[in-house]
Amino acid sequence: VRKFEQTRSKVVSVLGSHDGSMVATSAMRQGKMSAEGTLRDSSGTRLVTLAGGVDQFEAFSRDGARILGVRTGAFVDYDIVGLWDTRTGVLVHSDRATSPAVFSPNGRRFVAARAGDSAKVWEVDKQDSAKWKPLAELSTDARLVSIKFAPSGNRIATVDSLGKVVL
């Protein structure tokens, strides 16, 4: 068991990488409207601070190169899902979306729920995120509460707030 030293910030989200080499923490600083996202190694040493802030972490890519997180609508009336590079802390892509958000098993795609009753599938291989376009948009009958990729990465299962499962 390791105890990481924190400043006077309140940790609101934590997520471990698949291989256990990194821990992401999101902490609210007094007087700030959004949380600061930090990546640490397994000993607790700070590796990088994520640009733009993040309130809740959703998923590491399988290889640990990227992380998905949500920034809630503190300044605007919608949430933003962000994709960060874990080596640099740079925000690579963001979109109006919310939790849940997940990576495909190979880390080349991610799905993020939209406010309301849909989700977008994105490809993350492309170098220029300004040119990214969603691969698909999934529609449901109500707000999504869970999204999972099949182990092959070829199918997506969703569950909405009414309990309806869609493949």
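What is the volume of the largest pocket? It comes to about 240 Å³. Before I walk you round that pocket, one caution: everything here comes from a predicted model.

Okay, so who sits around the pocket? The lining has 16 residues, and the ones closest to the centre are H18, F60, R62, F103 and S104. If you're looking for the secondary structure elements involved, β1 (10-16), β5 (56-60), β9 (98-103) and β13 (144-149) each give two or more residues to the lining. As for its chemistry, the lining splits into 8 nonpolar, 5 polar and 3 charged residues.

Let's step back to the whole chain for a moment. There are 167 residues, and 42% of them are buried. On secondary structure, we get 15 strands and 0 helices, so get used to hearing strand names from me. The chain exposes about 9,400 Å², with carbon and sulfur atoms supplying 48% of that area. And here's one on contacts: take those between residues at least 6 apart in sequence, and 31% of them join residues at least 24 apart.

Now, back to F103, one of those residues closest to the pocket centre. Which residue does F103 form an aromatic pair with? The partner is F110. When we talk about a pair of aromatic rings, we describe it by the distance of the centres and the angle of the planes. For F103 and F110, that's 6.3 Å centre to centre and 65° between the planes, an edge-to-face pair. Both of these phenylalanines are buried.

F110 has another ring partner, W122, and this pair is stacked: 6.5 Å centre to centre, with 20° between the planes. The pair links distant parts of the chain, with F110 in strand β10 (residues 109-114) and W122 in strand β11 (residues 118-123), 12 residues apart. The count of aromatic pairs is 2, and together the ring pairs link F103, F110 and W122 into a cluster.

Why do we call F110 buried? Because its relative accessibility is 2%, and the cut-off for buried is under 20%. W122 is buried too, because its relative accessible area is 4%.

Next, have a look at strand β9 again. P100 lies in that strand, and the peptide bond leading from S99 into P100 is cis, with omega near 5°. Worth finding on your screen.

Over to strand β13, another contributor to the pocket lining. K148 is in this strand. Is K148 buried or exposed? It counts as exposed, because its relative accessibility is 53%. Setting aside residues up to four places away in sequence, K148 touches R155, I156 and A157. Its C-alpha atom is also 6.6 Å from that of T158, which is 10 residues away along the chain.

Last stop: the loop between β12 (136-139) and β13, where you'll find D141. Which residues is D141 in contact with, leaving aside neighbours within four places in sequence? Those are D117, D160, L162 and K164. K164 is 23 residues along the chain from D141, and their C-alpha atoms are separated by 7.9 Å.

So, if you open the model after this, start at F103 by the pocket centre, follow the rings through F110 to W122, then go and see the cis bond from S99 to P100. That's my tour, thanks.

How values were computed. Residues numbered from 1 in each chain as written. Predicted model: local features only at pLDDT ≥ 70, side-chain atom pairs only at ≥ 80, totals over all residues. Heavy atoms only, no water. 1 Å grid on protein atoms, 1.4 Å probe; cavity = no way out; pocket = protein on both sides within 12 Å on 5 of 7 lines; lining within 4 Å. Points joined across faces, edges and corners; volume = space filled by probe spheres on them. Helix = DSSP H or I, 4+ residues; strand = E, 2+ residues; numbered from the N terminus. Nonpolar A, V, L, I, M, F, W, Y, C, P; charged D, E, K, R; others polar. Phe/Tyr/Trp six-rings, centres within 6.5 Å; stacked < 30°, edge-to-face > 60°. Buried < 20%, exposed > 50% of the residue type's maximum accessible area, 1.4 Å probe, protein only. Contact = heavy atoms within 4.5 Å. Areas by Shrake-Rupley, 256 points an atom, 1.4 Å probe, with all protein chains shown as cover.
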